[in-house]
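Here are some short exercises to work through with the structure open in your viewer. Try each task before you read its solution.

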Amino acid sequence: MPHRTAVAPEWRLKEGRYNLVGSKCACGSLYFPARMYCPACKKETTPHKFSGKGEIVTYTVIRSAPAGFEEYAPYAVAIIKLQEGPMISGQIVNSPEEVKVGKRVTPIFRKLTEDGEAGIIHYGIKFELEE
Ligand SMILES: [Zn+2]
């Protein structure tokens, strides 16, 4: 099964899946997701790694989950304002009862789904409440 050995280079896994890589402009503006050009000053941006730490701005509790996520329901999905400024949405792994607006979160990387046929494992970012 040669296709199973076609693994992405280490750096791609690191940069794309285990980090939150957005972009930064010389003017100081930060973008997540990344933008190639800064809308403010039209300059080309450079990659910028975000901490993933932030604060819950708002959230919703999913009680009837989409196919493939049933085992996780109910779960909270929040809009998080990163400490660097941009907003990101993501699932909170804690019990929905613990989730509150204004609570601080830290990122974790979890396996989301596994495609048995192709042997592809999809990773994604989730968030955990900080104590
Ligand atoms: Zn700019």
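**Exercise 1. Find out which residues Ala76 touches, leaving aside its neighbours within four places in sequence.**

Solution. Keep in mind that this is a predicted model.
- Step 1: Skip the residues within four places of Ala76, and the contacts that remain are Tyr59, Val61, Ile92, Pro96 and Val99.
- Step 2: Look for a backbone partner as well; Ala76 has Ile92 as its bridge partner in E6. So you meet Ile92 twice, because two residues count as in contact when their C-beta atoms lie within 7 Å, and Ile92 is on the contact list of Ala76 too.
- Step 3: Zoom out to the core. The largest nonpolar core has 13 residues, and Ala76 is among those with the most contacts inside it, along with Ile56, Tyr59, Ala78, Ile80, Ile92 and Val99.
- Step 4: Ask who supplies the core. E4 and strand E5 (75–82) each give at least two residues, and the largest share, 5 residues, comes from E5.

**Exercise 2. Work out how E5 pairs with E4 and with E6.**

Solution.
- Step 1: Take E4 first: E4 and E5 run antiparallel, joined over 8 bridges. One pair to click on is Thr58, whose bridge partner in E5 is Ile79.
- Step 2: Now go to E6, which pairs with E5 in the antiparallel sense over 6 bridges.
- Step 3: Check the turn. The hairpin of E5 and E6 has 4 residues between the strands, and Gly85 there takes a positive phi near 125°.

**Exercise 3. Decide whether Val57 and Lys100 are buried, partly exposed or exposed.**

Solution.
- Step 1: Recall the cut-offs: 20 or more other C-beta atoms within 10 Å means buried, 12 or fewer means exposed, and anything in between is partly exposed.
- Step 2: Val57, which sits in strand E4, has 13 C-beta neighbours inside 10 Å, so Val57 counts as partly exposed.
- Step 3: See what Val57 meets. Not counting residues up to four places away, Val57 touches Ile79, Ile80, Lys81, Met87 and Val101. With Ile79, the C-alpha to C-alpha distance is 5.6 Å, although the two are 22 residues apart in sequence.
- Step 4: Turn to Lys100, in the loop between strand E6 (87–92) and strand E7 (104–115). Lys100 has 11 other C-beta atoms within 10 Å, so Lys100 is exposed.
- Step 5: Try one more distance: the C-alpha atoms of Lys100 and Ile56 are separated by 7.2 Å, with their positions 44 residues apart along the chain.

**Exercise 4. Put the strands of the open 3-stranded sheet in order.**

Solution.
- Step 1: Read across the sheet: the order is E2-E1-E3, with antiparallel pairing.
- Step 2: Pick out the edges. Strand E2 (30–31) and strand E3 (46–50) each pair on one side only.
- Step 3: Count the bridges between strand E1 (residues 20–24) and E3: there are 5, in the antiparallel sense. As a landmark, Val21 stands opposite Lys49 in E3.

**Exercise 5. Hunt for the unusual backbone angles at Pro33, Pro74 and Lys42.**

Solution.
- Step 1: Start from the general rule: most residues other than glycine have a negative phi, and most peptide bonds are trans.
- Step 2: Check the prolines. The bond from Phe32 to Pro33 is cis, with omega near 0°, and Pro33 lies in the loop between E2 and E3. The bond from Ala73 to Pro74 is cis as well, with omega near -5°, and Pro74 belongs to the loop between E4 and E5.
- Step 3: Check Lys42, in the loop between E2 and E3. Its phi is near 65°, a positive value in a residue that is not glycine. Lys42 counts as exposed, because it has 8 C-beta neighbours inside 10 Å.

**Exercise 6. Where is confidence lowest, and where is it highest?**

Solution.
- Step 1: Get the overall figure: the mean pLDDT is 82, and 76% of the residues reach 70 or more.
- Step 2: Compare elements. Helix H1 (residues 10–17) is lowest, at a mean of 47, and strand E4 (residues 54–62) is highest, at 96.
- Step 3: Look at residues 8–16, where pLDDT stays under 50 and the model has 4 contacts beyond four places in sequence.
- Step 4: Draw the practical lesson: where pLDDT is low, the predicted coordinates should not be read in detail.

Conventions:
Residues are numbered from 1 along each chain as its sequence is written. This is a predicted model: local features need pLDDT of at least 70, side-chain atom pairs count only at pLDDT 80 or more; totals for chains, interfaces and linings use all residues. pLDDT is the predictor's confidence in each residue, from 0 to 100. A nonpolar core is a set of buried Ala, Val, Leu, Ile, Met, Phe, Trp, Tyr and Cys residues joined through C-beta atoms within 7 Å. Two strands pair if DSSP finds at least two bridges between them.
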